Amino acid sequence: MSPSLPGSPRASLPGSRPGSLSGSPTRRTLLAGALAVASAAVVGGCSSDGDGSSSGAKRLRIGYFAFPSGDLVIKNQKLLEKALPDYRITWIKFDSGASVNQAFLGKSLDIAALGSSPFARGVSGSSPIPYKVAWILDVAGENEALVARKATGITDVAGLKGRTIATPFASTSHYSLLAALAAAGLKTSEVKLVDLQPQPILAAWERGDIDAAYVWLPTLDELRTTGTQLTSSKEIGAAGKPTLDLAVVSDELIANDPTAIDTWRKTEAEALRRIKSDPDGSVKSIAAELGISGADAKAQLRQGVFLTPAEVASANWLGTDGNPGKLLSYVTDTGKFLADQKQIDAAPPEAVVRKAFYLKGLPDVLK
């Protein structure tokens with residue numbers, strides 16, 4: 001698989017503070033970065049795929065990632081453009097959740113993909129980022145995993161004691177790595193954690209600078225060729241700490257154009273249906289968007305866990321208006337875990353997380 005593909009719907013706000021692996025910068029710092037995002041079509045890890053200018057037409061600015069999901073099916077097959085012909089729709093590719101969070105602060109996005117861990121970070125603190133989760137793109141499975149170099153001889157997580165492990169800090173991979181270490185009885189002080197994005201991870205791996213890495217596709221598959229998989233997000237999720245790729249919408253869009261959100265969610269539901277009912281067509285779209293072979297796209301798609309629209313709106317996951325599902329607990333628990341690991345100053349209470357859910361009209365997508 002092409003090692004040049006960018007990484008992550010999953011990375012969150014960058015920065016550090018004493019006593020933490022990856023801390024939370026001040027809102028002032030984030031706002032400065034957000035203004036930079038707002039002032040250009042291409043900024044630190046995001047690029048506009050189309051004309052972003054405005055001539056008074058209704059618009060939707062959608063952040064997406066080079067990662068197998070319904071978003072790539074929608075984009076390639078122009079499902080949203082067909083559903084909203086009177087809208088100017090701009091697809092903006094991001095390399096990290098940090099850029100997504102900054103773009104929302106700078107009011108440069110209307111809708112975007114975002115990992116559950118950076119979302120939990122985004123709604124923490126005294127000034128939560130002005131967005132709400134409105135859809136679930138996928139549940140992390142074998143498409144995100146912890147791999148050790150075969151040359152190290154490591155065959156289980158406990159064997160990582162004293163070793164160097166790379167992962168993108170403040171990402172879902174980082175969250176899952178910390179959970180894996182804790183489950184194996186290892187403290188973070190007993191390993192050396194290195195903050196690297198997917199492509200630098202691959203380079204460090206090839207140089208022998210790191211012993212293991214927790215990362216996602218497509219870099220993950222590159223590591224597997226010379227590595228031993230120790231655990232995956234599917235296993236960690238089954239043990240009670242699932243991670244997900246969510247889709248969030250801005251508070252401004254919710255206030256000004258909720259109908260567009262309903263239509264967008266219907267296209268997301270259709271994309272999930274097509275992934276199951278037309279796998280060949282979905283693979284073709286994903287291969288085209290990622291610039292990889294159909295075989296590679298099929299292999300990558302197979303490793304993710306894609307819910308049905310009914311499952312997304314069920315009590316087991318997102319839920320419905322007035323009745324949030326288990327995702328509420330998952331995000332709340334993620335916040336608590338991040339606070340315990342000194343990744344954020346304090347975990348957002350469940351009531352705060354609940355306010356960051358937008359569930360109105362969700363059953364309509366099932367019709």
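Gln303 touches Gly141, Glu142, Asn143, Leu217, Asp221 and Arg224, leaving aside residues up to four places away in sequence. Gln303 sits in helix H13, which spans residues 294-303. Its relative accessible area is 14%, so Gln303 is buried; the cut-off for buried is under 20%. The model is a predicted one. Ala140 shows how the fold brings distant segments together: Gln303 and Ala140 are 163 residues apart in sequence, yet their C-alpha atoms are 8.5 Å apart in space.

Leu217, one of the residues that Gln303 touches, leads to a backbone feature. The peptide bond joining Leu217 and Pro218 is cis, with omega at about 0 degrees. Pro218 belongs to the loop between strand S9 (212-216) and helix H8 (219-224).

Ala140 also leads on to Thr243. Thr243 touches Ser116, Val139, Ala140, Glu144, Thr172, Tyr175, Ser176 and Ser233, again not counting residues up to four places away in sequence. Thr243 is in the loop between helix H9 (233-238) and strand S11 (244-250). Is this loop residue buried or exposed? Thr243 is buried, at 2% relative accessibility.

Now step back to the whole chain. The protein has 16 helices and 13 strands. Of its 367 residues, 56% count as buried. Take the contacts with a separation of 6 or more: residues 24 or more positions apart account for 79% of them.

Next comes the interior. The largest nonpolar core has 113 residues. Which of them have the most contacts inside it? They are Leu60, Phe119, Trp135 and Leu160. Phe119 deserves a closer look. Not counting residues up to four places away in sequence, Phe119 touches Leu114, Tyr131, Val133, Leu246, Val248, Val331 and Ala356. Phe119 also belongs to an aromatic cluster, together with Phe104 and Tyr131. Tyr131 therefore appears twice around Phe119, as a contact and as a cluster member.

The structure holds 6 aromatic pairs. One of them joins Phe65 and Phe94. Their ring centres are 6.4 Å apart, with 50 degrees between the planes, and the pair is tilted. Why does this pair link separate parts of the chain? Phe65 lies in the loop between strand S2 (58-64) and helix H2 (70-77), while Phe94 lies in strand S3 (residues 87-94), so the pair ties together parts that are 29 residues apart in sequence. Both partners are buried: Phe65 has a relative accessible area of 4%, and Phe94 is at 1% relative accessibility.

The loop that holds Phe65 runs to H2. H2 packs against two helices, H12 and H11. Take H12 (residues 279-290) to begin with. The axes of H2 and H12 come within 9 Å and cross at roughly 85 degrees. The two helices are therefore roughly perpendicular to each other. On the H2 side, the contact involves Leu72, Val73, Lys75, Asn76 and Gln77. On the H12 side are Gly281, Ser282, Ser285, Ile286, Ala288, Glu289 and Leu290. By class, this contact has 5 nonpolar, 5 polar and 2 charged residues.

H11 (residues 258-277) is the other partner. The axes of H2 and H11 come within 9 Å and cross at roughly 100 degrees. That crossing makes H2 roughly perpendicular to H11. Here Gly70, Asp71, Val73, Ile74 and Gln77 of H2 meet Thr267, Glu268, Ala271, Arg274 and Ile275 of H11. The residues of this contact divide into 4 nonpolar, 3 polar and 3 charged. Val73 and Gln77 take part in the contact with H12 and in the contact with H11.

Two lysines close the tour. Lys107 has a positive phi of about 55 degrees, although it is not a glycine. Lys107 lies in the loop between helix H4 (97-105) and strand S4 (111-115). At 59% relative accessibility, Lys107 is exposed. Lys342 has a positive phi too, of about 65 degrees, and is likewise not a glycine. Lys342 lies in the loop between helix H15 (327-340) and helix H16 (350-355). Its relative accessibility is 47%, so Lys342 counts as partly exposed.

How values were computed
Residues are numbered from 1 along each chain as its sequence is written. This is a predicted model: local features need pLDDT of at least 70, side-chain atom pairs count only at pLDDT 80 or more; totals for chains, interfaces and linings use all residues. Side-chain values use heavy atoms; hydrogens and water are left out. Rings of Phe, Tyr and Trp (its six-membered ring) pair if their centres lie within 6.5 Å; planes under 30 degrees apart count as stacked, over 60 as edge-to-face and the rest as tilted. Helices (H or I, at least four residues) and strands (E, at least two) are DSSP runs, numbered from the N terminus. Buried means under 20% relative accessible area, exposed over 50%, partly exposed in between (1.4 Å probe, protein chains only). A nonpolar core is a set of buried Ala, Val, Leu, Ile, Met, Phe, Trp, Tyr and Cys residues joined through side-chain atoms within 4.5 Å. Contact means heavy atoms within 4.5 Å. Axes are lines fitted to C-alpha atoms, for helices over the stretch in contact, and angles run from 0 to 180 degrees between N-to-C directions. Angles under 35 degrees count as roughly parallel, over 145 as roughly antiparallel, 65 to 115 as roughly perpendicular and the rest as oblique. Ala, Val, Leu, Ile, Met, Phe, Trp, Tyr, Cys and Pro count as nonpolar, Asp, Glu, Lys and Arg as charged, and the others, Gly among them, as polar.
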